[in-house]
Amino acid sequence: MPNTTATPDAALDAHLDTTKDARLESYKDFLRIPSISAIPAHADDCRAAARWLGDALTAAGLENVDVAETGGHPVVYADWLHAPDAPTVIVYGHYDVQPVDPLELWTSTPFEPIVVGDRLLARGAADDKGQIHAHVMAAAGLLATRGAMPINVRYVFEGEEESSSVHLDAWLEANRDRLSADVAIISDSGFFEGNIPAITLSLRGIMYAQIDVVGTDVDLHSGGYGGVVQNPANALAQIIAGLKGPDGRIRIPGFYDDVAALPDEDRAALAALPFDEGEYLARLGLPTLVGETGYTTLERRAIRPTLDVNGIWGGFMGEGSKTIIPAHAHAKVSCRLVANQEPDTIFEALRAYVGEIAPPGVTTTVRYIGGGHPSLTPMDHPATRAAARALEATFGQPPVYIREGGSIPVCASFSTILGLPVVLLGITPPDDNAHAPNEWMDLGNYETGIRTFARMFDELVDLPR
Ligand SMILES: [Zn+2]
C-alpha cells in the first residue's frame, strides 16, 4: 500500500473546488431542518434530519447506512470497511441543535441560512451540523476521486447530544460488536481564541453528591437549647470546612491517588497558550484568584480535580430574625475529576471522610446524585499526532492544545463503553455563538476542515493497532 501521508491531494482539491457551490446548497438544506432535540414538537424534524443525513451518507458512497432506532431520536450509522490492513476509526458528531430562543436577538431567521461575508449564519451551522456535513463531504470527495478510503471508517451521528445523549450509551452497548475500531474522532469542539487550530486533549469528569445533616424532628428554640445540642447548620459548615485545606488541596484521603501525572511536554503546551490573567480577573470582577498551591490558573481549571459546594441550605432564610436551631441542613457538593479518577471511587472516599469528620450529636448522610468519567488522550498519542499533522497540513499552522474544564459526556462513553482513545478534532471558530443567537460558521474553516478530515484519514494509515 502506498504511503500517502505526506502527499498533498491535488485531485481531491480540484474536486472540492468544482463542487463548492453545490456543497454550500446541500449544507444549507441540512440547516433548514429545525432538528431541536429538546422540544417534543420537533421530534419529526429530528427524524427528518436523520433521514436527510442517511441519504447524504448514501450519496457519498458510504455503506450499511442505518437510521437506527434508539427509543428517542435516531442514531445515523454508516461505514466503509474495505481497507483490511488499515485501522478503523469511528467519527462522531450530532445532527440535533439547541433551541433558538430568544428569537428577537437573532439578526436573521435561525433556520433560513444566509451567507454574510465569510460566515454562514444559522442554528447548527457550527454546532454540530456544519462539522458532520464537512465529514460527509470529505468522505464523498475521497470516494469520488480515489474510489476508496485510506482507512476503515464508521460514522455515528446522534440526535440527542443537546439533550444529554439520553439513549446513546444504551445504543453503543447494544452495538458494541459492529462498532469495533481503533480510535474515535469526535468533531464537536472548535478552535482556540483568534481562530487558531486546536486539539482538545482532555475533559474533566464529575462526581455529584448531597450531604444531609439531621438533628431533631423540628426546629428548636435557640435560647432553650442553644449550647447543649449540636446545630446541624454549624455541623454542616464544619464538615465543608474540613473538605479542603488553605492550600487548596482536597483533604479526602485517597482523593488524588488515581490522578494521572501530566508529562512535562503537556504542561509546557498549556503554559504556552496565550492567556492574560489580569484580563481574566478583570472580566470576572474579582480581587484575586485562588487555587491549589503549585499549579497555574490554566492548570487549576483544566488538569486538576476540584471540590465545590454548589448549594447550601437549612434553617431560617426569611427576612428579619428567627431564633432557632435548625432541624436539618444540606449541601450539594461536586468534584470535577481528571484522568484516571473514577466517580464511584471518589464518592465512596467522600462518604467515608465525611463520616469521619462529622461532629457528634447529629445524623450525617452522603448520597450519590450522579457522575461522569473524565477523558484524556495525551499529546504524544499517535492519533493526536495524526490530527496535529492533518491540521498543520491543511490550515498551514500547527495546532495549540487545549484542555476543557467541563465535560463532553460522549467522550467518556466512547472510552469506557468501546474502550477507544478519543481525539477531539473540531473546526468551528471559537466565537461561533453556539447555543446562542446568531450562530455562525466560518466558511473558510468549513472548506479547509473538509480537507483536514480527509487528510486525517491519510495520516491515520500507520496508526499502531
Ligand atoms: Zn455540539
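Begin with the whole protein chain in view: residues 24 or more positions apart account for 79% of its contacts with a separation of 6 or more. The model is predicted. Displayed as a cartoon, the chain shows 14 helices and 18 strands. Its radius of gyration is 25 Å, close to the 23 Å that the globule rule gives for 465 residues, so the chain is as compact as a globular protein of that length. The C-alpha trace spans about 85 × 50 × 45 Å along its principal axes.

Next, switch on the surface. The accessible surface comes to about 19,900 Å², and carbon and sulfur atoms hold 52% of that area. Of the 465 residues, 52% count as buried.

**The zinc site**

Select the zinc ion and the residues that coordinate it. The ion is held by NE2 of His94, an OD atom of Asp127 and two OD entries from Asp188, at 1.9 to 2.6 Å. What is the geometry of the site of the zinc ion? The site is irregular, with angles of 54 to 148 degrees among the four donor atoms. Four donors would count as tetrahedral only if all angles lay between 85 and 135 degrees.

Now colour the donors by their place in the sequence; their spacing along the chain is H-x32-D-x60-D. His94 lies in strand β3 (residues 88-94), while Asp127 is in the loop between β5 (119-121) and α4 (129-146), so this pair ties together parts that are 33 residues apart in sequence. His94 is buried, at 0% relative accessibility. Asp127 is buried as well, with a relative accessible area of 11%.

**From Asp127 to Lys129**

Stay at Asp127 and step along the backbone. The peptide bond from Asp127 to Asp128 is cis, with omega near 0 degrees. Asp128 lies in the loop between β5 and α4.

Lys129 follows, in helix α4. Is Lys129 buried or exposed? Lys129 counts as buried, at 0% relative accessibility. Display its surroundings: beyond neighbours within four places in sequence, Lys129 is in contact with Phe30, Leu31, Ile33, Ser35, His94, Tyr95, Val97 and Gly124. The zinc ligand His94 is thus one of the contacts of Lys129. For a distance check, select Glu69, which is 60 residues from Lys129 along the chain; the two C-alpha atoms are separated by 20 Å.

**The nonpolar cores**

Nonpolar side chains tend to be buried together in soluble globular proteins. Select Leu62, Met149, Tyr155 and Phe457, which touch the most other members of the largest nonpolar core, a set of 68 residues. Helix α4 gives the most to this core, with nine residues. Centre the view on Phe457: leaving out residues up to four places away in sequence, its contacts include Val89, Val91, Leu142, Met149, Tyr155 and Ile185. A second, separate core has 29 residues, among them Ala331, Cys335, Leu337 and Tyr353.

**Backbone details in the loops**

Move to Ala339 and Asn340, which are joined by a cis peptide bond with omega of about 0 degrees. Asn340 is in the loop between β13 (328-337) and α11 (343-357).

Then select Ser165, in the loop between β6 (152-158) and α5 (168-174). Although Ser165 is not a glycine, its phi is positive, at about 50 degrees. Ser165 counts as buried, at 12% relative accessibility.

End at His435, in the loop between β17 (422-424) and β18 (440-442). His435 is not a glycine, yet it has a positive phi of about 70 degrees. With a relative accessible area of 41%, His435 is partly exposed.

How values were computed. Residues numbered from 1 in each chain as written. Predicted model: local features only at pLDDT ≥ 70, side-chain atom pairs only at ≥ 80, totals over all residues. Heavy atoms only, no water. Donors = N, O, S within 2.8 Å, 3.2 Å for Na, K, Ca; no water. Tetrahedral: all angles 85-135°; square planar, octahedral: opposite > 155°, others 65-115°. Helix = DSSP H or I, 4+ residues; strand = E, 2+ residues; numbered from the N terminus. Buried < 20%, exposed > 50% of the residue type's maximum accessible area, 1.4 Å probe, protein only. Core = buried A, V, L, I, M, F, W, Y, C linked by side-chain atoms within 4.5 Å. Contact = heavy atoms within 4.5 Å. Rg over C-alpha atoms; globule rule 2.2 N^0.38 Å. Areas by Shrake-Rupley, 256 points an atom, 1.4 Å probe, with all protein chains shown as cover.
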